[in-house]
Amino acid sequence: MQTIVEVNDIEKSYGPAQVINHCSLKIYEGEIYGLLGINGAGKTTLMKMILGLQRMDRGSIYVLGKEVSSGPEYLANVGSVIENPTFYEHLSANELLSMHLCYMQKKADIEAILHLVGLENVKQKPISKYSLGMKQRLGLARAIVHHPKLLILDEPLNGLDPIAIAEIRGLMRTLANEGISILLSSHMIGEVRHTADRIGILSEGYIKQEFTVKEKVSECGEQFEGYVVGLMRREGI
Ligand SMILES: Nc1ncnc2c1ncn2[C@@H]1O[C@H](COP(=O)(O)OP(=O)(O)O)[C@@H](O)[C@H]1O
Ligand SMILES: [Mg+2]
């Protein structure tokens, strides 16, 4: 199986606070990898380093075979939604995605993408009038409209109602089945358990444990959640 993301022993500090420490992980083609950790564990920081938005102090990251520090060309094949996406709010969804495709120098069927994320009925409504859930969907549409091979989604199910969660989860599975690899983060065990193929627990700056959801659920049964909470805790908490 092809390795899409390879994080090798990276470190990152903000001033004196070391947030990422001896962190390594691999993401393979077509899998949904769930990065699970408490608030402040470093999930967003790690994703930003994979996207070249944040510098690392030590170690290396490869995305689609290219070293991140070698330049931004690899980003043409990556889509992402980091924290709360921002938009030109006076635009409609259609206008926003047209503009995005223009600067990505790609072509796509915008109507089909809006339909895929459940925004087919918004017509000319300005983004400023959207609910949080609609903005999450639009962020996802912008992240996939250029047909990326890797999708990085930071807490993608935050602010969504249960129906939207089920729909977006279904959409992620459809994309993964088409061969897109997905890295998603969450602090909610249930969310990741029902969305990801494999989970990495980010705690104390590194991937403390990695497992496939199927195997761990069959091993732990009812104790799954308690086991994972134990791994997510920092020493001394
Ligand atoms: N730009 C920054 N400057 C200083 N500290 C930061 C910065 N970004 C994040 N942090 C700190 O790094 C830690 C990890 O943050 P973050 O990566 O946002 O974690 P998560 O996404 O898991 O909640 C937190 O303690 C946070 O306060
Ligand atoms: Mg975060």
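This report describes selected strands, helices, ring pairs and ligand contacts of a predicted model.

## Basis of the description

Because the model is predicted, local features need pLDDT of at least 70 and side-chain atom pairs count only at pLDDT 80 or more, whereas totals for chains, interfaces and linings use all residues. Residues are numbered from 1 along each chain as its sequence is written, chains are lettered from A and ligands numbered from 1 in the order in which they are written, and side-chain values use heavy atoms, with hydrogens and water left out.

## Strand E7 and its parallel neighbours

Helices (H or I, at least four residues) and strands (E, at least two) are DSSP runs, numbered from the N terminus. Strand E7 covers residues 150-154, and 5 of its 5 residues are buried. Buried here means under 20% relative accessible area, exposed means over 50%, and partly exposed lies in between (1.4 Å probe, protein chains only). In a regular strand the side chains alternate between the two faces of the sheet. In E7 both faces are covered: Leu150, Ile152 and Asp154 are buried on one side, and Leu151 and Leu153 are buried on the other.

Two strands pair if DSSP finds at least two bridges between them. E7 runs parallel to strand E6 (residues 78-81), to which 4 bridges join it; Val78 has Leu150 as its bridge partner in E7. E7 also pairs in the parallel sense with strand E8 (residues 181-186), over 5 bridges, and Leu151 has Ile182 as its bridge partner in E8. Between E7 and E8 the chain passes through helix H5 (residues 162-177), and this β-α-β crossover is right-handed. The term right-handed applies if, with the strands pointing away from the viewer, the path from the first strand over the helix to the second runs clockwise.

## The antiparallel sheet

Strands of a sheet pair through backbone hydrogen bonds, either parallel or antiparallel. An open sheet of 4 strands shows antiparallel pairing in the order E2-E1-E4-E5. Its edge strands are E2 (17-28) and E5 (66-67), each of which pairs on one side only. Strand E4 (residues 58-63) is joined to E5 by 2 bridges in the antiparallel sense, and Val63 stands opposite Lys66 in E5.

## Helix H1 and ligand 1

Helix H1 (residues 43-50) is mostly covered, with 7 of its 8 residues buried. The buried residues in H1 are Lys43, Thr44, Thr45, Leu46, Met47, Met49 and Ile50. Just after H1, Gly52 takes a positive phi of about 70°.

Ligand 1 is surrounded by Tyr14, Val19, Ile38, Asn39, Gly40, Ala41, Gly42, Lys43, Thr44 and Thr45; a residue counts as near a molecule if one of its heavy atoms lies within 4 Å of it. Lys43 has a polar side-chain atom 2.8 Å from an oxygen atom of ligand 1, and Thr44 has a polar side-chain atom 2.8 Å from an oxygen atom of ligand 1. Tyr14 places a polar side-chain atom 3.4 Å from a nitrogen atom of the ligand.

## The aromatic cluster

Rings of Phe, Tyr and Trp (its six-membered ring) pair if their centres lie within 6.5 Å; planes under 30 degrees apart count as stacked, over 60 as edge-to-face and the rest as tilted. By this rule the count comes to 2 aromatic pairs. The pair of Phe211 and Phe224 is edge-to-face, because the ring centres are 6.2 Å apart and the planes lie at 85°. Phe211 belongs to strand E10 (residues 206-212) and Phe224 to helix H8 (residues 224-232), so the pair links parts of the chain 13 residues apart. Phe211 is buried, with a relative accessible area of 7%, and Phe224 is buried at 1% relative accessibility.

The rings of Phe211 and Tyr227 have centres 6.5 Å apart and planes at 55°, so this pair is tilted. Phe211 in E10 and Tyr227 in H8 are 16 residues apart. Tyr227 counts as partly exposed because its relative accessibility is 28%. Ring pairs thus link Phe211, Phe224 and Tyr227 into a cluster. In addition, the charged end of Arg193 sits over the ring of Phe224, 5.0 Å from its centre; this term requires NZ of Lys or CZ of Arg within 6 Å of the ring centre and within 35 degrees of the ring normal.

## Arg198 and its contacts

Arg198 lies in strand E9 (residues 198-203) and is buried, with a relative accessible area of 12%. Its side chain reaches the backbone oxygen of Lys26 at 2.7 Å. The side chain of Arg198 also makes a polar contact with the side chain of Glu31 (2.8 Å). A polar contact is a pair of N or O atoms within 3.5 Å; within protein, one must be able to donate a hydrogen and the other to accept it, and residues adjacent in sequence count only if both atoms are side-chain atoms.
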